Amino acid sequence: MKQIHLAAHFPGVNNTTVWSDPQAGSHIEFSSFAHLAQTAERAKFDFFFLAEGLRLREHAGRIYDLDVVGRPDTFTVLAGLAAVTERLGLTGTINSTFNEPYEVARQFASLDHLSEGRAGWNVVTSWDAFTGENFRRGGYLPEDQRYQRAKLFLDTAFELFDSWRADDIVADKSSGVFLRDPRAGAFERHDAQFDIAGRFTVPRSPQGRPVILQAGDSDEGREFAAATADAIFTRHGTLDAGRKFYADVKRRLAAYGREPHQLLVLPAATFVLGDTDAEAEELASVVRYQQVSGQTAIRFLEQVWNRDLSGYDPEGPLPDVEPVVGADALAKGRAQTRMYRDPVATVREWRELAAAKNLSIRDLVVEVSGRQTFVGAPATVAEAINTYVQEDASDGFILVPHVTPGGLDPFADKVVPLLQERGVFRSEYDGTTLRDHLGIDR
């Protein structure tokens, strides 16, 4: 039986988070981050996962109503969590397009030291000039070059991490020798993206390098993960799609001299629990309509129609006007806009679906904008998760609760014990580092 890997995602305010729920708390106060992390550690999760946004998304020139307003800095939060947890891995999303390798490597090596070997880095790229406007790079990087930079960025960071050996610091008080090699930390890198040389200031950390995650479902993203990552973060939520994705990324590893177990596949997953399956289904429907308010439904359609639809009733039929094609996008910085590259075809498909099922605008958005991955009684959810892993559709899941910070508590209390009873999830941590939890070599 394969062992299941679980992680907890702190989602912030977005279209999966019900910030208006009476049980929802702050998405900025440190107590919220600590609550979710400590719940995950109590349940023996592998790691805590923190996403990052480098610019607030906009809609018609205004901050999107469900975006994160005041997203705290990733390293600051993770460093704080290192002080209030003991074993839980601490993984953050850091962009390779607008940052610099020396700074990022220094921050991750420091975090790995502070946490005694629990740091993980989700390497992402930025695809739009809109985000780049926040930086001196100004979105100069063409989309087809973003993975080229990411690869060189990561190679450079590895060179920095490896510039210190584990035994370079002797600190022999009797002989007065502190360094074994006075050249420790020396590096030099000259390539198409970086021209740097000097000394890396942070000695080798407990893991040597942080665990590397990669988020990207494109062919380039899969290849990048196969070459460099320890785990890949994906959105494939169905069993059939999961099997296909799993087989595809695992087969790519051989080209890089790697074995299948050296890359873990960890899809994002949402969940709704109830005392019975029927109760959970009812709750899931309530949650979906909480997530998709009337205003949110209109905004969602405006991303595809690319025009003002505020005059339409969200409880009424779909707009009878056609989408505006080729004009400046109404929605800025939203990844969903890339999912609908052919708005005319998308609108035609949605109209057919709405007519067949008699769906209002809001009903349609609920239908097409994603559902909870796991819905049911605790035993049903535990069985479904185990099925995914044992049938090679994933190696585990990164769980995204819809309420912050207490949304993970029911899963930790009711589902995790059932997985432990099956013998497919740990009851105690076997090691101290994130690499130990994931079964990845140092």
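In this predicted model, Pro-405 sits in the loop between β17 (396-399) and α13. The peptide bond that joins Thr-404 to Pro-405 is cis, with omega at about 5 degrees. A reader browsing the backbone may like to pause here, since most peptide bonds are trans, and most residues other than glycine have a negative phi. The second of these tendencies also meets exceptions in the model. Asn-306, although not a glycine, has a positive phi of about 55 degrees, and Asn-358 likewise shows a positive phi, near 55 degrees. Asn-306 is placed in the loop between α9 and β15 (331-332), while Asn-358 belongs to the loop between α10 (343-357) and α11 (361-368). Their surroundings can be told apart by accessibility: Asn-306 is buried at 14%, whereas Asn-358 is exposed at 69%.

Turning to the interior, nonpolar side chains in soluble globular proteins tend to be buried together. Here the largest nonpolar core has 77 residues, and the members that touch the most others are Phe-45, Phe-48, Trp-121 and Phe-411. Helix α5 (residues 146-161) is the main contributor to this core, giving nine residues. Phe-45 makes a good starting point for a visual tour. Leaving aside residues up to four places away in sequence, the contacts of Phe-45 include Leu-6, Ala-7 and Ala-8, as well as Ala-40 and Leu-88. Among the other residues that Phe-45 touches are Leu-399, Leu-408, Phe-411, Val-416, Phe-425, Arg-426 and Tyr-429. A second core, separate from this one, has 18 residues, including Ile-298, Trp-305, Val-347 and Val-366.

Charged side chains add another layer to the picture, with 29 salt bridges found across the whole structure. One of them joins Glu-428 and Lys-44, with an N to O distance of 3.4 Å. This pair links distant parts of the chain, 384 residues apart: Glu-428 lies in the loop between α13 (409-422) and α14 (434-438), and Lys-44 in the loop between α1 (30-42) and β2 (47-50). Lys-44 counts as buried because its relative accessible area is 16%, and the limit for a buried residue is under 20%.

Other pairs can be described in a similar way. Arg-299 and Glu-302 form a salt bridge of 3.9 Å, N to O. Both residues belong to helix α9 (residues 294-305), where they are three residues apart, about one turn of the helix. Arg-299 is partly exposed at 24%, whereas Glu-302 is buried at 3%. In the salt bridge between Asp-167 and Arg-165, the closest N and O atoms are 3.8 Å apart. Asp-167 is partly exposed, with a relative accessibility of 37%, and Arg-165 is also partly exposed, at 44%. Elsewhere, salt bridges link Asp-219, Arg-222, Glu-223, Asp-248, Arg-251 and Arg-252 in a network.

The surface offers one further feature to look at. Ile-169, Phe-178 and Leu-179 make a nonpolar patch of about 260 Å². Of these residues, Ile-169 lies in strand β7 (residues 169-172) and is partly exposed, with a relative accessible area of 38%. Ile-169 can take part in such a patch because its 38% is above the required 30% relative accessible area.

Definitions and conventions
Residues numbered from 1 in each chain as written. Predicted model: local features only at pLDDT ≥ 70, side-chain atom pairs only at ≥ 80, totals over all residues. Heavy atoms only, no water. Salt bridge = Lys/Arg side-chain N within 4 Å of Asp/Glu carboxyl O. Helix = DSSP H or I, 4+ residues; strand = E, 2+ residues; numbered from the N terminus. Buried < 20%, exposed > 50% of the residue type's maximum accessible area, 1.4 Å probe, protein only. Core = buried A, V, L, I, M, F, W, Y, C linked by side-chain atoms within 4.5 Å. Contact = heavy atoms within 4.5 Å. Patch = residues over 30% accessible without salt bridge, like charges linked within 9 Å, V, L, I, M, F, W, Y side chains within 5 Å. Areas by Shrake-Rupley, 256 points an atom, 1.4 Å probe, with all protein chains shown as cover.
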